Amino acid sequence: MTHNFRNFILPIAIIVLLFSAGCRGCGEDTSPAVIGLYTQITWNGENISIGDTVIDIEGREVRPEKLLSYISNISLRQINGGWVNSQSLALLDFMPSSDFVDGVFPFEVFIENNVFDSIRFSVGVPSELNTDAVPTNYPNDHPLGVVGSADMFWPLMSSYFTMRFEGKVANTPGEEIITPFAMHPATNPLFRTLAFALPNTITLYPRDIRSFQFELDLAKTISGSGGTFNLNEIGHTMGNAENAIVFVDNLKDAWTLVE
Amino acid sequence: MILNSSKYLSATFITIIMLAVGCDCGKIVTWNTTPYTVEIPAFFPPMDIPADNPMTVEGIKLGRLLFWEKALSLDKTISCGSCHTPDASFSDSDQFSTGVNGTLGNRNASAIINMGWSTSFFWDGRAESLEDQARAPVVHPLEMNVDWGTVVSRLQNDDFGDELCYPQLFFDAFGTDDISENLSVKAIAQFMRTMISADSKFDKWRRGETQLTDLEYMGYQLFLKEGGDPEETPGGEFGADCFHCHGEAGLQFSDYLFHNNGLDATFENDPGRVDVTGWVLDSGKFKTPTLRNVALSAPFMHDGRFNTLEEVVEHYNSGGVPSTTIDTFMKYTTGGLQLAPQQKEALLAFLHALTDTTFTVNPDFQDPH
């Protein structure tokens with residue numbers, strides 16, 4: 001008799017627990033999927049590494065020496081039009097001598113509405129994290145922490161750089177690569193979001209690992225639909241907002257989805 | 001109950017073993033350590049403590065003794081503290097430190113200050129932990145020049161007097177009197193993590209406890225601003241452009257990264273970071289030192305070439321010497337920072353406001369021998 005009562009009460013208890021815990025459906029796996037963002041840097045379509053020498057539109061030698069970029073809010077669009085935002089953030093560091101980096105973003109998906117047709121992400125730190133920012137509020141190795149954000153925090157404005165692209169350029173073709181340039185777009189107005197249609201829809205399940213391959217063409221950050229600027233007249237974009245705006249506006253041309 | 005019995009048996013077993021090995025300089029007692037919690041100063045980031053080297057009062061005590069222990073050098077003439085002296089903010093006021101047998105080093109000894117927040121060690125960053133850092137000077141031929149086996153043997157067997165029994169101290173710190181290189185460097189690292197400076201005038205100002213003078217504040221603003229004349233250097237703000245490398249976040253005044261600050265056109269004398277990474281663009285790069293107590297830690301640069309802060313400011317003001325890897329923030333193509341005399345004076349005043357003598361005279365860091 002007691003045995004039978006236990007057999008009866010157990011399923012009831014489980015059902016009650018599931019309802020009280022707000023389970024969306026028995027057996028549903030709510031583990032996140034993972035989105036990988038594989039980014040290859042190029043110069044006019046050719047794969048390069050930081051430290052390589054390339055030629056700009058003026059025919060001058062250019063040497064990219066440093067490249068870092070915050071990537072945030074990587075999102076996928078459901079075929080019904082809704083965007084699912086991973087809410088995650090990473091700092092892509094292409095140095096030393098790296099020609100690509102992988103950003104890894106946990107991404108919550110559900111059984112319903114798990115077919116996607118577009119991907120988007122933002123270049124920079126979202127404004128809610130980039131206003132009166134305090135790196136010490138984060139663990140050291142967090143992308144926004146003191147160590148994790150090294151080189152990317154701007155104390156005077158208490159905000160993070162969107163990207164950091166530095167190097168040197170020759171003044172005329174064939175001359176020594178000597179003149180420095182440093183593009184440091186920063187602060188909320190220079191935050192940009194880029195969206196890309198997927199060539200085919202994808203279906204994502206919990207625990208899936210899905211990698212997207214992008215190219216970032218650095219030549220197109222200098223000359224694109226947002227405008228063109230002369231590398232050896234750049235100096236430092238921080239107080240040179242006009243060029244900084246051109247740089248971030250060109251990102252939509254520079255960053256392309258390969259597959 | 002089972003757990004208690006097990007503890008009792010372990011303690012008894014350890015006691016028997018210890019008596020059996022015949023430690024001859026102290027009484028063996030059961031091992032109890034006192035956890036040590038690092039007090040994080042205001043505006044500082046958290047300090048990452050390695051999971052395999054938790055800090056204890058006993059470990060720190062041992063580390064301090066080892067830091068000042070001359071038996072860690074070949075001829076027992078120098079300790080870590082010989083080249084990292086308190087009055088120089090635990091750096092060396094000589095350009096190059098003198099090792100055993102009078103040998104001279106080839107880089108200036110770095111100031112030991114807030115190392116618990118650093119992410120790499122030595123001017124070229126070849127050590128990635130304080131523990132690994134502590135290993136190197138002992139065996140370096142230009143420094144202490146002794147193998148760790150000899151050091152361990154000395155600590156294990158030599159008579160250091162009635163008051164100093166290293167086997168007992170290692171037991172107190174780590175639960176074993178079997179002295180090893182690894183435990184030695186762990187203890188030294190624990191001690192070094194306690195060497196925290198956070199009481200300069202600047203710190204007090206940040207905490208609202210005092211005021212900076214107008215000159216010091218002007219220097220602070222210069223520190224934070226972009227360098228150069230905007231007519232010559234796009235983006236320039238007539239600042240001193242210190243913050244790019246001596247980052248203020250976390251108040252450590254270092255980005256912990258590696259830069260070529262335009263000292264030389266070529267790098268034959270000291271290639272720097274490239275010797276660690278093998279990446280040619282790391283040639284001539286060295287770790288950014290903290291600016292804390294910079295007024296006490298002359299001479300300056302990796303090779304101690306500048307004797308005064310005035311020379312340092314003048315170097316940056318000049319823009320530095322161009323080279324393939326010179327940092328993009330050195331104003332070498334546009335005539336330097338072009339700071340006016342009063343601006344230089346202000347910058348120096350700010351740098352002096354980073355001086356913390358409570359750190360250098362802290363009795364917990366002095367030679368205990």
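Visitor: In this predicted model, how many salt bridges are counted between chain B and chain A?

Guide: The count is zero salt bridges. A salt bridge needs a side-chain nitrogen of Lys or Arg within 4 Å of a carboxyl oxygen of Asp or Glu, so a count of zero means that no pair between chain B and chain A meets that condition.

Visitor: What makes up the side of chain B that touches chain A, by residue class?

Guide: That side divides into 17 nonpolar, 11 polar and five charged residues.

Visitor: How many residue pairs are in polar contact between chain B and chain A?

Guide: Seven residue pairs, with both residues at pLDDT 80 or more. Each is called a polar contact because a pair of N or O atoms lies within 3.5 Å.

Visitor: How many residues of chain B are in contact with chain A?

Guide: 33 residues of chain B are in contact with 37 residues of chain A. They count as contacts because heavy atoms lie within 4.5 Å.

Visitor: What area is buried between chain B and chain A, and which residues supply the most on chain B?

Guide: About 2,600 Å² is buried, and carbon and sulfur atoms give 66% of that area. On chain B, the three residues B:Pro234, B:Trp279 and B:Thr328 supply 21% of what the chain buries against chain A, more than any other three.

Visitor: Why is the space of about 170 Å³ called a cavity?

Guide: It is called a cavity because a 1.4 Å probe fits there but cannot get out. The search of the whole structure finds one cavity of 30 Å³ or more.

Visitor: Which residues are closest to the centre of the largest cavity?

Guide: Of the 17 lining residues, A:Ala150, A:Asp151, B:Gly247, B:Ala249 and B:Asp255 are closest to the centre. By class, the lining has nine nonpolar, four polar and four charged residues.

Key:
Residues are numbered from 1 along each chain as its sequence is written. Chains are lettered from A and ligands numbered from 1 in the order in which they are written. This is a predicted model: local features need pLDDT of at least 70, side-chain atom pairs count only at pLDDT 80 or more; totals for chains, interfaces and linings use all residues. Side-chain values use heavy atoms; hydrogens and water are left out. Buried area is the accessible area (1.4 Å probe) that two parts lose on being put together, summed over both. A polar contact is a pair of N or O atoms within 3.5 Å; within protein, one must be able to donate a hydrogen and the other to accept it, and residues adjacent in sequence count only if both atoms are side-chain atoms. Ala, Val, Leu, Ile, Met, Phe, Trp, Tyr, Cys and Pro count as nonpolar, Asp, Glu, Lys and Arg as charged, and the others, Gly among them, as polar. On a 1 Å grid over the protein atoms alone, a cavity is a set of points where a 1.4 Å probe fits but cannot get out, and a pocket is an open set with protein on both sides within 12 Å along at least five of seven lines; lining residues have an atom within 4 Å of a point. Grid points are joined across faces, edges and corners, and a volume is the space filled by probe spheres set on the points.
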